[in-house]
Amino acid sequence: MGENNTDAKVDKTETTPDATTDTKNDVKDVDAADKTSETPTTPSEISPKTVAEVASRLRFFFSNANLRIDKFLRREVTENNADGFVPIETLLRFNTIKIYSTEPQALVRAIEETESLKPILKLNEDKTGIARIEPFTHDMMRDNVGVTLRVSNIPVEGAAGSEVYTVKREEVEEAFKEFGYVAMVRMLYNYQQGERGGRGTRTAIGRAFVEMETTAEMQLAAAELCPPQKSETKVTKETEAETKKEETEVKEEQPKRTLTMGGAEVRVKTMQQWLDQREVKRIARFGDRGDSRNSRGGRGGRGQRDTRGGEKRDFKGQEKRAREAAEKEAAAQLEFKLEWKKGCVISVKGLPDGCDREKILGTVQDVVGKDVRVRADYSRGQKDGAIRFEQPNDKIVELAAKLCDGSAMVGGVKVESATIIQGEDEEKYYSEYIAFRTKQIRTNAEEKNQRKRPRRR
């Protein structure tokens with residue numbers, strides 16, 4: 001959500017300036033300062049401080065605030081992995097985790113030993129993946145208003161057009177920690193595009209959004225730092241055909257206390273207060289329907305405001321909301337169908353480090369050939385997986401036997417066991433797989449619908 005014509009950006013070390021940047025950039029890029037700040041640890045060097053730093057990063061990455069803007073990790077949590085368990089091997093590629101440790105045990109200890117993470121995150125059975133306890137859903141994509149505060153009058157310095165903040169993001173975060181966990185701080189800037197594709201510039205505008213983890217934490221901060229808002233609107237009806245709305249005044253009382261940053265007293269509002277005040281100002285300027293073009297002249301005649309445009313917009317808004325509700329309902333009805341055959345799945349345990357689907361399928365094809373249709377159900381970083389054939393065939397038993405005796409290896413390593421699943425285990429496998437694929441196609445359908453919807457400017 002922008003601020004007037006300001007492009008709100010995330011000013012955090014793990015992302016680029018674009019607020020829509022996802023965690024891929026955290027995996028690929030790292031600042032020079034990050035490269036030299038700490039040396040990755042060995043297992044014997046995993047200290048309590050390292051565990052605490054890793055825990056802090058995990059809490060941020062899996063937070064609602066980050067998942068709303070982080071396309072890569074959001075897909076890992078909602079689509080790519082069964083039950084949302086992101087492989088620890090994937091998380092260890094994040095730059096702001098690996099500067100503290102490259103050992104899986106550091107992440108395991110962070111989950112097991114950090115009290116603040118126990119209600120939030122969990123490990124899978126073999127401790128190779130991490131998931132949220134409360135699943136992230138698409139409804140949470142729009143929940144930021146209820147947990148966000150707007151801070152203004154943050155001091156800046158520098159020549160006009162090249163101002164920079166004199167207060168660091170960490171200082172803003174620290175100021176709000178007494179009220180709860182600060183999920184994200186977004187320092188706001190105006191961006192100027194460079195000429196002929198050249199590097200652009202950004203200018204600090206003295207404002208930021210502070211997103212708390214919960215509504216209760218935001219309300220606690222708002223009760224202390226935000227002024228109660230009173231809006232007064234006086235309306236007088238002059239004729240049956242015309243209603244005149246006099247200037248709307250917004251009166252603000254003083255907050256219980258104020259915050260000082262960089263020697264300046266900052267102002268704090270809830271995001272909802274800020275949005276409401278913007279709407280009040282818009283109505284005061286243009287009326288409660290439409291814009292200034294309908295205030296005089298136009299189709300309604302001089303001195304009369306034509307409300308037909310507003311009515312049409314209201315009708316279109318109702319149509320849009322109904323269409324979006326229908327699209328959401330249609331996505332929720334989608335189901336993955338699979339007519340499965342018995343005796344077609346091999347459960348494989350003890351897969352080697354660095355394993356992937358391609359290595360598993362390469363081993364399978366060496367035994368059964370390339371003409372047999374088969375799928376490897378596996379997520380990178382996990383120790384166990386499954387090999388699923390579309391149709392029963394004699395090669396399935398042969399493959400399981402060769403994997404067990406080591407005559408067929410995955411990535412040059414013998415697996416611990418390979419068993420053709422049967423009975424209740426087989427039914428459970430297919431039930432979980434169908435549920436996972438159903439969730440995946442519903443998520444894809446919802447995201448496709450969102451991409452089709454026009455963005456408000």
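Student: Is helix α5 mostly covered or mostly open, and how many of its ten residues are buried?

Tutor: This is a predicted model, and a residue counts as buried when its relative accessible area is under 20%. In α5, which spans residues 71-80, the buried residues include Phe72, Leu73 and Val77. Arg74, Glu76, Thr78 and Glu79 are buried as well. The helix is therefore mostly covered under that cut-off, and the number of buried residues is seven.

Student: Which helix gives the most to the lining of the second largest pocket?

Tutor: That pocket holds about 1,700 Å³ of space. Of its 45 lining residues, the closest to the centre are Ala82, Asp377, Gln382, Asp384 and Glu432. Several elements supply at least two lining residues each, among them α5, α13 and β18. The top contributor, with ten residues, is α15.

Student: How many residues of the lining of the second largest pocket are charged?

Tutor: Let's go through the lining by class. There are 13 nonpolar residues and 13 polar ones. The charged residues number 19.

Student: Which strand supplies the largest share of the lining of the largest cavity?

Tutor: A search of the whole structure turns up two cavities of 30 Å³ or more, and the largest has a volume of about 50 Å³. Its lining is made of Val348, Leu351, Ile360, Gly385, Ala386, Ile387, Leu403, Val410 and Val415. The largest share is three residues, and they come from the strand covering residues 385-389, β18.

Student: How many residues of the lining of the largest cavity are nonpolar?

Tutor: No charged residue is found in this lining. One residue is polar, and glycine belongs to that class, which fits Gly385 in the lining. The nonpolar residues number eight.

Student: What is the order of the strands in the open sheet of three strands?

Tutor: Let's build the sheet from its pairings. Strand β2 (residues 86-87) is joined to β4 by two bridges, and the two run antiparallel. Strand β3 (residues 121-123) is joined to β4 by three bridges, again antiparallel. The order of the open sheet is β2-β4-β3, and β2 and β3, each pairing on one side only, are its edge strands.

Student: In β4, which residue is the bridge partner of leucine 123?

Tutor: Strand β4 has a partner to look at on each pairing. From β2, proline 87 stands opposite glycine 129. For leucine 123, the partner in β4 is isoleucine 130.

Student: Which residue takes a positive phi in the hairpin of β3 and β4?

Tutor: Five residues lie between the two strands of this hairpin. One residue has a phi near 60 degrees, and that is lysine 127.

Student: Which residues of strand β4 are buried on each of its two faces?

Tutor: In a regular strand the side chains alternate between the two faces of the sheet. Strand β4 covers residues 129-132, and both of its faces are covered. One side has Gly129 and Ala131, and the other has Ile130 and Arg132.

Student: How far from the side chain of arginine 109 does the backbone oxygen of isoleucine 46 lie?

Tutor: Arginine 109 sits in helix α8, residues 104-113. Leaving aside neighbours within four places in sequence, arginine 109 is in contact with Ile46, Val51 and Thr114. From the backbone oxygen of isoleucine 46 to a polar atom of the arginine 109 side chain is 2.9 Å.

Technical notes
Residues are numbered from 1 along each chain as its sequence is written. This is a predicted model: local features need pLDDT of at least 70, side-chain atom pairs count only at pLDDT 80 or more; totals for chains, interfaces and linings use all residues. Side-chain values use heavy atoms; hydrogens and water are left out. Helices (H or I, at least four residues) and strands (E, at least two) are DSSP runs, numbered from the N terminus. A polar contact is a pair of N or O atoms within 3.5 Å; within protein, one must be able to donate a hydrogen and the other to accept it, and residues adjacent in sequence count only if both atoms are side-chain atoms. Contact means heavy atoms within 4.5 Å. On a 1 Å grid over the protein atoms alone, a cavity is a set of points where a 1.4 Å probe fits but cannot get out, and a pocket is an open set with protein on both sides within 12 Å along at least five of seven lines; lining residues have an atom within 4 Å of a point. Grid points are joined across faces, edges and corners, and a volume is the space filled by probe spheres set on the points. Buried means under 20% relative accessible area, exposed over 50%, partly exposed in between (1.4 Å probe, protein chains only). Two strands pair if DSSP finds at least two bridges between them.
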